[in-house]
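Reader: I have a new structure on my screen and would love a friendly walk through it. Could you take my questions one by one?

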Amino acid sequence: MMNWEKLLLLEGLKPSDTDLQRSQFERDFDRIIFSAPFRNLQDKTQVFPLPENDFVHTRLTHSLEVSSVGRSLGKTTGKFLLDKYPELASKNLQPFDIGGIVATAALAHDIGNPPFGHAGEEAISDFFKFHVIGRKWESRCQPNEWQDLINFEGNAQGFRMLVDTKNGMNISPATLAAFTKYPRPAWCKSSDKKRRSQKKFGFYTNNLSDYQLLTEKMGIPQLAENCWMRHPLAFLVEAADDICYSIIDLEDGCTLGLVSLEKTISLMGDIIGERYDPKKLQKYSSPKQKLAIMRAMAISQLINETANAFKENETAILTGEFDEALTEIIPSAKSLEAITKLSVKKIYRSQPVLEKEAAGYQVLEGLLSTFSEALYNFHFDKDRFSGHNKSILRLLPEEFELQTDREAYFLMRGLLDFISGMTDKHALSLYRRVKGITIPGT
(Lines give C-alpha, C1' and ligand atoms only; values in the text may rest on other atoms or scores of the structure.)
Protein backbone atom coordinates (compact mmCIF):
# COMPACT_ATOMS: atom_id res chain seq x y z
CA MET A 1 0.00 0.00 0.00
CA MET A 2 1.34 3.41 -0.96
CA ASN A 3 1.98 6.06 1.68
CA TRP A 4 0.95 9.68 1.15
CA GLU A 5 3.89 11.11 3.06
CA LYS A 6 6.37 9.43 0.71
CA LEU A 7 4.23 10.25 -2.31
CA LEU A 8 4.04 13.97 -1.54
CA LEU A 9 6.90 14.99 0.71
CA LEU A 10 9.91 13.27 -0.76
CA GLU A 11 11.91 16.50 -0.83
CA GLY A 12 10.22 18.18 2.10
CA LEU A 13 8.55 21.58 1.96
CA LYS A 14 11.36 23.86 3.03
CA PRO A 15 11.82 26.63 0.45
CA SER A 16 15.33 27.64 -0.52
CA ASP A 17 17.07 30.43 1.33
CA THR A 18 16.83 32.66 -1.72
CA ASP A 19 13.12 32.13 -2.28
CA LEU A 20 10.94 32.26 0.82
CA GLN A 21 7.68 33.06 -0.96
CA ARG A 22 7.04 29.93 -3.04
CA SER A 23 6.73 26.25 -2.24
CA GLN A 24 8.48 23.72 -4.44
CA PHE A 25 5.14 23.00 -6.11
CA GLU A 26 4.62 26.65 -7.02
CA ARG A 27 8.12 26.72 -8.48
CA ASP A 28 7.20 23.65 -10.57
CA PHE A 29 4.24 25.56 -12.01
CA ASP A 30 6.29 28.64 -12.83
CA ARG A 31 9.03 26.63 -14.52
CA ILE A 32 6.50 24.97 -16.82
CA ILE A 33 4.83 28.30 -17.65
CA PHE A 34 8.11 29.92 -18.67
CA SER A 35 9.49 26.95 -20.62
CA ALA A 36 9.82 26.97 -24.41
CA PRO A 37 8.01 23.63 -24.87
CA PHE A 38 4.96 25.01 -23.05
CA ARG A 39 5.03 28.25 -25.01
CA ASN A 40 4.97 26.30 -28.28
CA LEU A 41 1.57 24.87 -27.35
CA GLN A 42 0.02 28.19 -28.39
CA ASP A 43 0.16 27.03 -32.02
CA LYS A 44 -0.46 23.32 -31.70
CA THR A 45 -3.68 21.59 -32.62
CA GLN A 46 -6.27 20.72 -29.99
CA VAL A 47 -9.03 19.46 -32.28
CA PHE A 48 -9.10 21.94 -35.14
CA PRO A 49 -5.66 22.21 -36.80
CA LEU A 50 -4.49 25.74 -37.68
CA PRO A 51 -7.77 27.28 -36.43
CA GLU A 52 -8.97 30.41 -38.19
CA ASN A 53 -11.53 31.16 -35.49
CA ASP A 54 -10.14 33.06 -32.48
CA PHE A 55 -12.53 31.27 -30.13
CA VAL A 56 -11.32 27.76 -30.94
CA HIS A 57 -8.94 26.23 -28.43
CA THR A 58 -5.30 25.42 -29.04
CA ARG A 59 -3.19 23.07 -26.91
CA LEU A 60 -2.12 26.08 -24.85
CA THR A 61 -5.61 27.26 -23.89
CA HIS A 62 -6.67 23.66 -23.35
CA SER A 63 -3.70 23.05 -21.03
CA LEU A 64 -4.44 26.19 -19.01
CA GLU A 65 -8.04 25.12 -18.57
CA VAL A 66 -7.09 21.55 -17.61
CA SER A 67 -4.67 23.01 -15.06
CA SER A 68 -7.43 25.18 -13.59
CA VAL A 69 -9.75 22.19 -13.20
CA GLY A 70 -6.85 20.14 -11.83
CA ARG A 71 -6.14 22.75 -9.18
CA SER A 72 -9.76 22.66 -8.01
CA LEU A 73 -9.73 18.86 -7.86
CA GLY A 74 -6.41 18.85 -6.03
CA LYS A 75 -7.43 21.42 -3.43
CA THR A 76 -10.74 19.66 -2.71
CA THR A 77 -9.15 16.24 -2.32
CA GLY A 78 -6.20 17.83 -0.50
CA LYS A 79 -8.49 19.02 2.28
CA PHE A 80 -9.92 15.52 2.53
CA LEU A 81 -6.43 13.98 2.76
CA LEU A 82 -5.24 16.41 5.42
CA ASP A 83 -8.34 15.67 7.51
CA LYS A 84 -7.87 11.92 7.11
CA TYR A 85 -4.09 11.90 7.65
CA PRO A 86 -3.14 14.40 10.39
CA GLU A 87 0.55 13.53 9.94
CA LEU A 88 0.45 15.34 6.58
CA ALA A 89 -0.85 18.52 8.20
CA SER A 90 1.90 18.27 10.82
CA LYS A 91 4.43 18.55 7.96
CA ASN A 92 3.02 21.99 7.05
CA LEU A 93 1.32 20.61 3.95
CA GLN A 94 -1.74 22.62 2.84
CA PRO A 95 -4.62 21.80 0.46
CA PHE A 96 -3.24 24.32 -2.04
CA ASP A 97 0.03 22.35 -2.14
CA ILE A 98 -1.79 19.27 -3.37
CA GLY A 99 -3.77 21.50 -5.70
CA GLY A 100 -0.45 22.84 -6.98
CA ILE A 101 0.87 19.37 -7.77
CA VAL A 102 -2.21 18.46 -9.79
CA ALA A 103 -2.36 21.88 -11.46
CA THR A 104 1.26 21.69 -12.60
CA ALA A 105 1.06 18.09 -13.84
CA ALA A 106 -2.14 19.02 -15.68
CA LEU A 107 -0.48 22.13 -17.12
CA ALA A 108 2.24 19.92 -18.62
CA HIS A 109 0.02 17.01 -19.64
CA ASP A 110 0.20 17.81 -23.40
CA ILE A 111 3.71 19.24 -23.48
CA GLY A 112 5.03 16.29 -25.49
CA ASN A 113 2.33 16.33 -28.18
CA PRO A 114 3.58 16.81 -31.76
CA PRO A 115 2.09 19.17 -34.36
CA PHE A 116 -1.39 18.34 -35.68
CA GLY A 117 -2.67 16.58 -32.57
CA HIS A 118 -3.22 12.83 -32.37
CA ALA A 119 -2.92 12.60 -36.14
CA GLY A 120 0.66 13.79 -35.65
CA GLU A 121 1.35 10.90 -33.29
CA GLU A 122 0.02 8.44 -35.86
CA ALA A 123 2.01 10.08 -38.66
CA ILE A 124 5.29 9.68 -36.76
CA SER A 125 4.54 6.08 -35.79
CA ASP A 126 3.47 5.14 -39.30
CA PHE A 127 6.59 6.67 -40.82
CA PHE A 128 8.76 4.12 -39.03
CA LYS A 129 6.28 1.28 -39.55
CA PHE A 130 5.66 1.70 -43.27
CA HIS A 131 7.85 4.28 -45.00
CA VAL A 132 10.83 2.85 -46.88
CA ILE A 133 13.21 5.37 -45.30
CA GLY A 134 11.74 4.91 -41.85
CA ARG A 135 12.08 1.13 -42.09
CA LYS A 136 15.82 1.47 -42.73
CA TRP A 137 16.35 2.36 -39.08
CA GLU A 138 14.94 -0.91 -37.69
CA SER A 139 18.13 -2.90 -38.26
CA ARG A 140 20.10 -0.18 -36.48
CA CYS A 141 18.00 -0.24 -33.31
CA GLN A 142 17.50 -2.67 -30.46
CA PRO A 143 14.01 -4.30 -30.35
CA ASN A 144 12.92 -2.20 -27.36
CA GLU A 145 14.14 0.97 -29.05
CA TRP A 146 12.26 0.11 -32.23
CA GLN A 147 9.03 -0.26 -30.27
CA ASP A 148 9.47 3.33 -29.10
CA LEU A 149 9.87 4.57 -32.67
CA ILE A 150 6.88 2.74 -34.15
CA ASN A 151 4.69 3.80 -31.22
CA PHE A 152 5.25 7.54 -30.82
CA GLU A 153 3.42 8.64 -27.69
CA GLY A 154 2.90 12.24 -26.55
CA ASN A 155 2.85 11.22 -22.89
CA ALA A 156 6.26 9.55 -23.16
CA GLN A 157 7.65 12.48 -25.14
CA GLY A 158 6.37 14.79 -22.40
CA PHE A 159 8.13 12.75 -19.70
CA ARG A 160 11.33 12.95 -21.75
CA MET A 161 11.04 16.74 -22.00
CA LEU A 162 10.37 17.16 -18.29
CA VAL A 163 13.44 15.19 -17.22
CA ASP A 164 15.75 16.60 -19.92
CA THR A 165 18.00 19.10 -18.12
CA LYS A 166 18.43 21.27 -21.21
CA ASN A 167 14.76 22.29 -20.94
CA GLY A 168 15.45 23.66 -17.47
CA MET A 169 12.18 22.60 -15.83
CA ASN A 170 13.55 20.35 -13.08
CA ILE A 171 10.18 19.69 -11.46
CA SER A 172 9.71 17.90 -8.14
CA PRO A 173 9.22 14.11 -7.91
CA ALA A 174 5.58 14.37 -6.82
CA THR A 175 4.67 16.50 -9.84
CA LEU A 176 6.59 14.27 -12.26
CA ALA A 177 4.92 11.14 -10.89
CA ALA A 178 1.46 12.74 -11.03
CA PHE A 179 2.17 13.65 -14.65
CA THR A 180 2.90 10.00 -15.55
CA LYS A 181 -0.53 8.54 -16.26
CA TYR A 182 0.82 5.41 -17.97
CA PRO A 183 3.79 4.08 -15.95
CA ARG A 184 5.31 1.55 -18.33
CA PRO A 185 7.47 1.55 -21.51
CA ALA A 186 6.08 0.70 -24.96
CA TRP A 187 7.56 -2.78 -25.12
CA CYS A 188 6.18 -3.89 -21.75
CA LYS A 189 2.61 -5.15 -21.96
CA SER A 190 0.50 -5.34 -18.84
CA SER A 191 -0.98 -8.69 -17.92
CA ASP A 192 -4.26 -6.92 -17.03
CA LYS A 193 -5.54 -4.85 -19.95
CA LYS A 194 -8.50 -3.63 -17.90
CA ARG A 195 -6.24 -1.39 -15.83
CA ARG A 196 -6.57 2.21 -17.00
CA SER A 197 -2.94 2.98 -16.13
CA GLN A 198 -1.76 0.39 -18.66
CA LYS A 199 -3.84 1.64 -21.60
CA LYS A 200 -0.85 3.46 -23.13
CA PHE A 201 2.79 3.90 -22.19
CA GLY A 202 4.38 6.83 -20.40
CA PHE A 203 8.14 6.87 -21.02
CA TYR A 204 10.69 5.71 -23.55
CA THR A 205 13.34 3.03 -23.15
CA ASN A 206 16.09 5.51 -22.35
CA ASN A 207 13.96 7.06 -19.58
CA LEU A 208 13.15 3.76 -17.85
CA SER A 209 15.84 4.29 -15.22
CA ASP A 210 14.47 7.79 -14.49
CA TYR A 211 11.06 6.37 -13.64
CA GLN A 212 12.51 3.41 -11.74
CA LEU A 213 14.39 5.80 -9.46
CA LEU A 214 11.20 7.78 -8.92
CA THR A 215 9.20 4.71 -7.89
CA GLU A 216 11.92 3.47 -5.54
CA LYS A 217 12.04 6.77 -3.69
CA MET A 218 8.26 7.20 -3.51
CA GLY A 219 7.32 3.62 -2.75
CA ILE A 220 5.19 3.09 -5.87
CA PRO A 221 4.74 -0.71 -6.26
CA GLN A 222 5.18 -2.74 -9.43
CA LEU A 223 2.25 -4.46 -11.11
CA ALA A 224 4.61 -6.59 -13.20
CA GLU A 225 8.18 -6.31 -14.40
CA ASN A 226 8.67 -2.73 -15.66
CA CYS A 227 4.99 -1.91 -15.04
CA TRP A 228 3.99 0.19 -12.04
CA MET A 229 0.92 1.46 -10.27
CA ARG A 230 -0.03 5.08 -10.84
CA HIS A 231 0.77 7.86 -8.44
CA PRO A 232 -2.72 8.50 -6.98
CA LEU A 233 -2.83 12.13 -8.11
CA ALA A 234 -2.43 10.99 -11.73
CA PHE A 235 -6.08 9.95 -11.57
CA LEU A 236 -7.02 13.58 -10.91
CA VAL A 237 -4.79 14.84 -13.74
CA GLU A 238 -6.47 12.41 -16.11
CA ALA A 239 -9.93 13.43 -14.90
CA ALA A 240 -9.17 17.14 -15.37
CA ASP A 241 -8.24 16.43 -18.99
CA ASP A 242 -11.32 14.25 -19.53
CA ILE A 243 -13.61 16.95 -18.14
CA CYS A 244 -12.13 19.73 -20.25
CA TYR A 245 -11.90 18.03 -23.60
CA SER A 246 -15.43 16.64 -23.25
CA ILE A 247 -17.03 20.00 -22.46
CA ILE A 248 -14.69 22.35 -24.32
CA ASP A 249 -14.52 20.34 -27.55
CA LEU A 250 -18.31 20.30 -27.56
CA GLU A 251 -18.34 24.07 -27.06
CA ASP A 252 -15.87 24.54 -29.93
CA GLY A 253 -17.98 22.31 -32.14
CA CYS A 254 -21.00 24.47 -31.37
CA THR A 255 -19.03 27.68 -32.04
CA LEU A 256 -18.03 26.37 -35.48
CA GLY A 257 -21.58 25.28 -36.32
CA LEU A 258 -20.90 21.53 -36.24
CA VAL A 259 -23.31 20.96 -33.34
CA SER A 260 -26.47 22.98 -32.79
CA LEU A 261 -26.76 25.32 -29.81
CA GLU A 262 -29.89 23.50 -28.67
CA LYS A 263 -28.18 20.10 -28.68
CA THR A 264 -25.13 21.48 -26.88
CA ILE A 265 -27.24 23.06 -24.15
CA SER A 266 -29.25 19.86 -23.78
CA LEU A 267 -26.13 17.71 -23.33
CA MET A 268 -24.64 20.09 -20.78
CA GLY A 269 -28.00 20.37 -19.04
CA ASP A 270 -28.05 16.60 -18.49
CA ILE A 271 -24.84 16.98 -16.46
CA ILE A 272 -26.00 20.02 -14.50
CA GLY A 273 -29.21 18.29 -13.53
CA GLU A 274 -31.65 20.03 -11.19
CA ARG A 275 -29.56 23.20 -11.11
CA TYR A 276 -30.26 23.79 -14.81
CA ASP A 277 -33.13 26.25 -15.31
CA PRO A 278 -33.99 26.82 -19.00
CA LYS A 279 -36.04 29.91 -18.14
CA LYS A 280 -33.08 31.66 -16.51
CA LEU A 281 -30.92 30.84 -19.51
CA GLN A 282 -33.38 32.61 -21.82
CA LYS A 283 -32.51 35.91 -20.12
CA TYR A 284 -29.27 35.88 -22.10
CA SER A 285 -29.64 36.70 -25.79
CA SER A 286 -26.09 35.88 -26.87
CA PRO A 287 -25.25 32.24 -27.69
CA LYS A 288 -21.74 32.88 -26.33
CA GLN A 289 -23.16 33.89 -22.96
CA LYS A 290 -25.43 30.86 -22.87
CA LEU A 291 -22.55 28.54 -23.70
CA ALA A 292 -20.29 30.16 -21.12
CA ILE A 293 -22.84 29.75 -18.33
CA MET A 294 -23.66 26.17 -19.23
CA ARG A 295 -19.97 25.27 -19.58
CA ALA A 296 -19.14 26.75 -16.16
CA MET A 297 -22.01 24.94 -14.45
CA ALA A 298 -21.25 21.62 -16.15
CA ILE A 299 -17.55 21.73 -15.27
CA SER A 300 -18.37 22.68 -11.67
CA GLN A 301 -20.71 19.68 -11.40
CA LEU A 302 -18.11 17.34 -12.88
CA ILE A 303 -15.42 18.61 -10.49
CA ASN A 304 -17.63 17.90 -7.49
CA GLU A 305 -18.57 14.42 -8.72
CA THR A 306 -14.97 13.53 -9.56
CA ALA A 307 -13.61 14.74 -6.21
CA ASN A 308 -16.23 12.64 -4.44
CA ALA A 309 -15.30 9.59 -6.53
CA PHE A 310 -11.64 10.02 -5.59
CA LYS A 311 -12.49 10.29 -1.88
CA GLU A 312 -14.67 7.19 -2.01
CA ASN A 313 -11.96 5.13 -3.72
CA GLU A 314 -8.86 6.66 -2.09
CA THR A 315 -7.96 3.55 -0.07
CA ALA A 316 -8.44 1.27 -3.08
CA ILE A 317 -6.27 3.63 -5.15
CA LEU A 318 -3.45 3.37 -2.61
CA THR A 319 -3.59 -0.43 -2.65
CA GLY A 320 -3.87 -0.63 -6.44
CA GLU A 321 -7.29 -2.29 -6.36
CA PHE A 322 -8.82 0.72 -8.13
CA ASP A 323 -7.47 1.46 -11.61
CA GLU A 324 -10.23 3.11 -13.64
CA ALA A 325 -10.92 6.54 -15.05
CA LEU A 326 -12.71 8.54 -12.38
CA THR A 327 -14.99 10.16 -14.97
CA GLU A 328 -16.29 6.72 -15.95
CA ILE A 329 -17.70 5.99 -12.49
CA ILE A 330 -19.29 9.33 -11.59
CA PRO A 331 -23.08 9.97 -11.81
CA SER A 332 -22.56 11.96 -15.03
CA ALA A 333 -20.61 9.18 -16.76
CA LYS A 334 -23.44 8.34 -19.17
CA SER A 335 -23.86 12.00 -20.07
CA LEU A 336 -20.14 12.28 -20.82
CA GLU A 337 -20.36 9.14 -22.94
CA ALA A 338 -23.19 10.70 -24.94
CA ILE A 339 -21.07 13.82 -25.52
CA THR A 340 -18.15 11.66 -26.65
CA LYS A 341 -20.27 9.73 -29.15
CA LEU A 342 -21.68 12.92 -30.64
CA SER A 343 -18.24 14.57 -30.73
CA VAL A 344 -16.75 11.64 -32.64
CA LYS A 345 -19.51 11.80 -35.23
CA LYS A 346 -19.99 15.55 -35.58
CA ILE A 347 -16.63 17.05 -34.58
CA TYR A 348 -13.65 14.67 -34.69
CA ARG A 349 -14.76 13.21 -38.04
CA SER A 350 -15.98 16.44 -39.57
CA GLN A 351 -14.61 17.31 -42.99
CA PRO A 352 -12.51 20.34 -41.89
CA VAL A 353 -10.80 18.28 -39.17
CA LEU A 354 -10.15 15.28 -41.41
CA GLU A 355 -8.81 17.42 -44.26
CA LYS A 356 -6.37 19.28 -42.05
CA GLU A 357 -5.29 16.10 -40.27
CA ALA A 358 -4.54 14.53 -43.66
CA ALA A 359 -2.47 17.57 -44.60
CA GLY A 360 -0.62 17.38 -41.29
CA TYR A 361 0.12 13.72 -41.93
CA GLN A 362 1.83 14.64 -45.21
CA VAL A 363 3.81 17.43 -43.58
CA LEU A 364 5.27 15.23 -40.82
CA GLU A 365 6.00 12.34 -43.16
CA GLY A 366 7.76 14.75 -45.50
CA LEU A 367 9.91 16.25 -42.76
CA LEU A 368 10.81 12.87 -41.28
CA SER A 369 11.75 11.34 -44.62
CA THR A 370 13.90 14.33 -45.59
CA PHE A 371 15.82 14.65 -42.33
CA SER A 372 16.09 10.97 -41.46
CA GLU A 373 17.41 10.08 -44.92
CA ALA A 374 20.12 12.73 -44.59
CA LEU A 375 21.04 11.43 -41.12
CA TYR A 376 21.09 7.82 -42.30
CA ASN A 377 23.34 8.56 -45.26
CA PHE A 378 25.68 10.68 -43.14
CA HIS A 379 26.13 7.98 -40.50
CA PHE A 380 25.61 4.66 -42.28
CA ASP A 381 25.78 5.09 -46.07
CA LYS A 382 28.46 7.66 -46.93
CA ASP A 383 28.37 6.77 -50.64
CA ARG A 384 24.86 8.20 -50.83
CA PHE A 385 25.55 11.31 -48.72
CA SER A 386 24.76 14.09 -51.18
CA GLY A 387 25.07 17.84 -51.24
CA HIS A 388 21.33 18.00 -50.66
CA ASN A 389 21.72 15.82 -47.55
CA LYS A 390 24.44 18.17 -46.31
CA SER A 391 22.18 21.20 -46.76
CA ILE A 392 19.33 19.47 -44.91
CA LEU A 393 21.53 18.63 -41.90
CA ARG A 394 22.52 22.29 -41.62
CA LEU A 395 18.86 23.04 -40.86
CA LEU A 396 18.97 21.00 -37.66
CA PRO A 397 19.17 23.06 -34.45
CA GLU A 398 22.61 23.92 -33.09
CA GLU A 399 22.17 21.66 -30.07
CA PHE A 400 21.60 18.59 -32.26
CA GLU A 401 24.56 16.26 -31.67
CA LEU A 402 25.71 15.04 -35.06
CA GLN A 403 28.85 13.13 -34.02
CA THR A 404 29.57 10.15 -36.23
CA ASP A 405 29.67 7.70 -33.32
CA ARG A 406 26.08 8.32 -32.21
CA GLU A 407 23.77 5.30 -32.08
CA ALA A 408 20.76 5.20 -34.40
CA TYR A 409 18.21 5.37 -31.57
CA PHE A 410 19.94 8.40 -30.07
CA LEU A 411 19.83 10.15 -33.45
CA MET A 412 16.14 9.42 -33.95
CA ARG A 413 15.24 10.56 -30.46
CA GLY A 414 17.01 13.86 -31.19
CA LEU A 415 15.24 14.21 -34.54
CA LEU A 416 11.86 13.51 -32.96
CA ASP A 417 12.57 16.08 -30.24
CA PHE A 418 13.14 18.61 -33.03
CA ILE A 419 10.12 17.75 -35.18
CA SER A 420 7.60 16.94 -32.44
CA GLY A 421 8.51 20.17 -30.65
CA MET A 422 7.51 22.32 -33.64
CA THR A 423 4.33 24.33 -33.77
CA ASP A 424 1.87 23.50 -36.53
CA LYS A 425 2.85 26.59 -38.53
CA HIS A 426 6.58 26.00 -38.10
CA ALA A 427 6.23 22.41 -39.31
CA LEU A 428 4.20 23.53 -42.33
CA SER A 429 6.64 26.34 -43.15
CA LEU A 430 9.72 24.11 -42.88
CA TYR A 431 8.06 21.40 -44.96
CA ARG A 432 7.37 23.88 -47.76
CA ARG A 433 10.95 25.12 -47.69
CA VAL A 434 12.71 21.72 -47.71
CA LYS A 435 10.40 20.48 -50.45
CA GLY A 436 10.98 23.59 -52.57
CA ILE A 437 7.31 24.61 -52.45
CA THR A 438 8.36 27.92 -50.93
CA ILE A 439 11.73 29.52 -51.52
CA PRO A 440 12.97 31.87 -48.76
CA GLY A 441 13.31 35.49 -49.83
CA THR A 442 10.91 35.25 -52.75
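Reader: Glad to have you here. Is methionine 169 buried or exposed?

Author: This is a predicted model, so every value here is computed from it. A residue counts as buried when its relative accessible area is under 20%. Methionine 169 has a relative accessibility of 1%, so the residue is buried.

Reader: Where along the chain is methionine 169 found?

Author: Look just past helix H10 (154-163). Methionine 169 is in a loop, and helix H11 (173-179) is on the other side of that loop. The place to look is therefore the loop between H10 and H11.

Reader: What distance separates the C-alpha atoms of methionine 169 and leucine 336?

Author: Along the chain, these two residues are 167 residues apart. In space, their C-alpha atoms are separated by 34 Å.

Reader: Let me step back to the whole protein. Why can it be called as compact as a globular protein of its length?

Author: The fold has 21 helices and two strands. For 442 residues the globule rule gives 22 Å, and the protein comes close to that, so it is as compact as a globular protein of that length. The radius of gyration behind this comparison is 23 Å.

Reader: What share of the residues of the protein count as buried?

Author: The C-alpha trace spans about 70 × 55 × 45 Å along the principal axes. Of the 442 residues within it, the share that count as buried is 55%.

Reader: Now to the pockets. Which element gives the largest share of the lining of the largest pocket?

Author: The largest pocket holds about 1,200 Å³ of space. Its lining has 42 residues, and those closest to the centre are His118, Lys199, Lys200, Tyr245 and Tyr348. Helices that give two or more residues include H4 (59-84), H7 (117-130) and H13 (233-255). The largest share, eight residues, comes from H17.

Reader: How many charged residues are in the lining of the largest pocket?

Author: Sorted by class, this lining has twelve nonpolar and 13 polar residues. The number of charged residues is 17.

Reader: Which element gives the most to the lining of the second largest pocket?

Author: The second largest pocket has about 680 Å³ of space. Among its 27 lining residues, Asp164, Lys166, Glu399, Gly414 and Asp417 are the closest to the centre. Helix H3 (36-39), H10 and helix H20 (408-420) each supply at least two residues. With seven residues, the element that gives the most is H20.

Reader: Which domains each give at least three residues to that lining?

Author: By class, the lining of the second largest pocket has eleven nonpolar, eight polar and eight charged residues. At least three residues come from each of two domains: domain 1 (4-10 + 22-113 + 153-233) and domain 2 (115-151 + 350-441).

Reader: Is asparagine 92 buried or exposed?

Author: Asparagine 92 is found in the loop between helix H5 (86-89) and helix H6 (95-107). Its phi is near 70°, a positive value in a residue other than glycine. With a relative accessibility of 60%, asparagine 92 is exposed.

Reader: And asparagine 226, buried or exposed?

Author: Asparagine 226 also has a positive phi, about 65°, although it is not a glycine. This residue lies in the loop between strand S1 (222-224) and strand S2 (227-228). At a relative accessible area of 12%, asparagine 226 is buried.

Reader: One last thing: how many disulfides are there?

Author: A disulfide needs two cysteine sulfur atoms within 2.5 Å. The cysteine sulfur closest to that of cysteine 244 is in cysteine 254, 18 Å away, so the two are too far apart for a bond. By this rule, the count of disulfides is zero.

Key. Residues numbered from 1 in each chain as written. Predicted model: local features only at pLDDT ≥ 70, side-chain atom pairs only at ≥ 80, totals over all residues. Heavy atoms only, no water. 1 Å grid on protein atoms, 1.4 Å probe; cavity = no way out; pocket = protein on both sides within 12 Å on 5 of 7 lines; lining within 4 Å. Points joined across faces, edges and corners; volume = space filled by probe spheres on them. Helix = DSSP H or I, 4+ residues; strand = E, 2+ residues; numbered from the N terminus. Nonpolar A, V, L, I, M, F, W, Y, C, P; charged D, E, K, R; others polar. Domains from an automatic or database assignment. Rg over C-alpha atoms; globule rule 2.2 N^0.38 Å. Buried < 20%, exposed > 50% of the residue type's maximum accessible area, 1.4 Å probe, protein only.
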